[in-house]
Amino acid sequence: MHVTFLGTGSAMPTGERFQTGILVQNDGRQLLIDCGSGVLHRLQQSGVGYENVSTVLLTHHHLDHVADLLPLMKARWLAGEEHLEVVGPQGTKGLLDDLLSVHEYMQGKIDLQVREVVPGEFTVAGFDVSAYETRHSLPCLAYRFDDRFVFSGDSEAFAGLANFAEGAAILAHDCSFPDDVDVSNHPTPETLGRELAGREIGRVYLTHLYPHTDGRHEEMLESIGRQYDGDVRFAEDLKTISIDQGS
Ligand SMILES: [Zn+2]
Ligand SMILES: [Zn+2]
């Protein structure tokens, strides 16, 4: 399995990190998780291309996770790829209907399938996925791909989510701000370290980074390291990780 970070930023631009998007690939299958602003460009830069991604799995409906959905739809339509499946939490059908009612000329241009999912197990684009509800300001799902990859979506750090991630080779976790930012709905390094303490996880990548984290990576890693002694790194746009089955 390959996981490519297309966007490791958040709702406020850093100039280097686009909004959330992660590409999961295995055996010729591709799944895009979230489609924030800039992700359409990153898909093209990644060499995979928007033509080859026909399924999008949404964690939640904040703009920094859905802003490029219609641009992706239009680019695929122009390229002659007339199918797109969008899978996401409750309200995803309403979101797509509403977006298409604003941009009416896109209605009926492509064969759009929308599926809503709830916490639990399901299959999407040939991947077996588990979903777990996170703690955020909108309903949000974290996703797990067997023992290989877990993405937190947007969430505070909490024991339930750390349990959900336990045993994964790779965990990509929201770590929006450094410790001195007073924040709810997202973790800080300190709260993330506390919840990860003692967990068996192959490697943790920090993502969903606000500009506040610029120049402060070292202290953020130190803060996490005070409670969690595992391998923790910062995710970067267009970085690809190879994950072996069962690793
Ligand atoms: Zn959010
Ligand atoms: Zn977000």
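**Helix packing, zinc sites and cysteines in a predicted model**

The buried residues of helix α7 are covered by elements that include α6 (189-196), β12 (203-207) and β13 (232-234). In this predicted model, helix α7 spans residues 217-225, and Met220, Ser223 and Ile224 are buried within it. When α7 is viewed down its axis, the buried residues fall within an arc of 95°, so they line one face of the helix.

According to the UniProt record, an unreviewed entry, residues 18-208 carry the annotation "domain: Metallo-beta-lactamase". In the model this span is 25% helix and 29% strand, and the C-alpha atoms at its two ends lie 9 Å apart.

Two zinc ions were examined in turn. The zinc ion (ligand 1) is coordinated by His60 through NE2, His62 through ND1, His136 through NE2 and Asp154 through OD, at 2.1 to 2.3 Å. Along the chain, the donors of the zinc ion (ligand 1) follow the spacing H-x1-H-x73-H-x17-D. The angles subtended by the four donor atoms around the zinc ion (ligand 1) run from 93 to 166°, which makes the arrangement irregular. The pair His136 and Asp154 links distant parts of the chain, since His136 is placed in the loop between β8 (127-133) and β9 (141-145), and Asp154 in the loop between β10 (149-151) and α5 (159-165), 18 residues apart. Both His136 and Asp154 are buried.

The zinc ion (ligand 2) is coordinated by Asp64 (OD), His65 (NE2), Asp154 (OD) and His208 (NE2), at 2.0 to 2.1 Å. Asp154 thus coordinates both the zinc ion (ligand 2) and the zinc ion (ligand 1), and the two ions are 3.3 Å apart. For the zinc ion (ligand 2), the donors follow the spacing D-H-x88-D-x53-H along the chain, and the angles of 91 to 172° among the four donor atoms leave the site irregular. Asp64 lies in helix α2 (residues 63-66) whereas His208 lies in the loop between β12 and α7, so this pair ties together parts that are 144 residues apart in sequence. Asp64 and His208 are both buried.

The cysteines were considered next. A disulfide is a covalent bond between the sulfur atoms of two cysteines. With a cut-off of 2.5 Å between cysteine sulfur atoms, the count of disulfides comes to zero. The sulfur of Cys35 has its closest cysteine sulfur in Cys140, at 16 Å, which is too far for a bond. Cys140 is likewise in no disulfide, the nearest cysteine sulfur being that of Cys175, 15 Å away. Cys35 is buried, with a relative accessible area of 1%, and Cys140 also counts as buried, because its relative accessibility is 1%.

A further buried position is found in strand β3 (residues 29-33), where Ile33 is located. Ile33 counts as buried because its relative accessibility is 0%. When residues up to four places away in sequence are not counted, Ile33 touches Gly21, Ile22, Val24, Leu57, Thr59, Tyr143, Phe145, Phe149 and Phe151. Between Ile33 and Gly225, the separation is 192 residues in sequence and 28 Å in space, taken from C-alpha to C-alpha.

Note on methods: Residues are numbered from 1 along each chain as its sequence is written. Chains are lettered from A and ligands numbered from 1 in the order in which they are written. This is a predicted model: local features need pLDDT of at least 70, side-chain atom pairs count only at pLDDT 80 or more; totals for chains, interfaces and linings use all residues. Side-chain values use heavy atoms; hydrogens and water are left out. Donors are N, O and S atoms within 2.8 Å of the metal (3.2 Å for Na, K and Ca); water is not among the atoms, so sites may look incomplete. Four donors count as tetrahedral if all angles lie between 85 and 135 degrees; four count as square planar and six as octahedral if opposite donors are over 155 degrees apart and all others between 65 and 115; anything else is irregular. Helices (H or I, at least four residues) and strands (E, at least two) are DSSP runs, numbered from the N terminus. Buried means under 20% relative accessible area, exposed over 50%, partly exposed in between (1.4 Å probe, protein chains only). The arc is that of the directions from the helix axis to the C-beta atoms. Contact means heavy atoms within 4.5 Å. UniProt positions are given in the numbering used here, feature names are shortened, and annotations may be inferred rather than shown by experiment.
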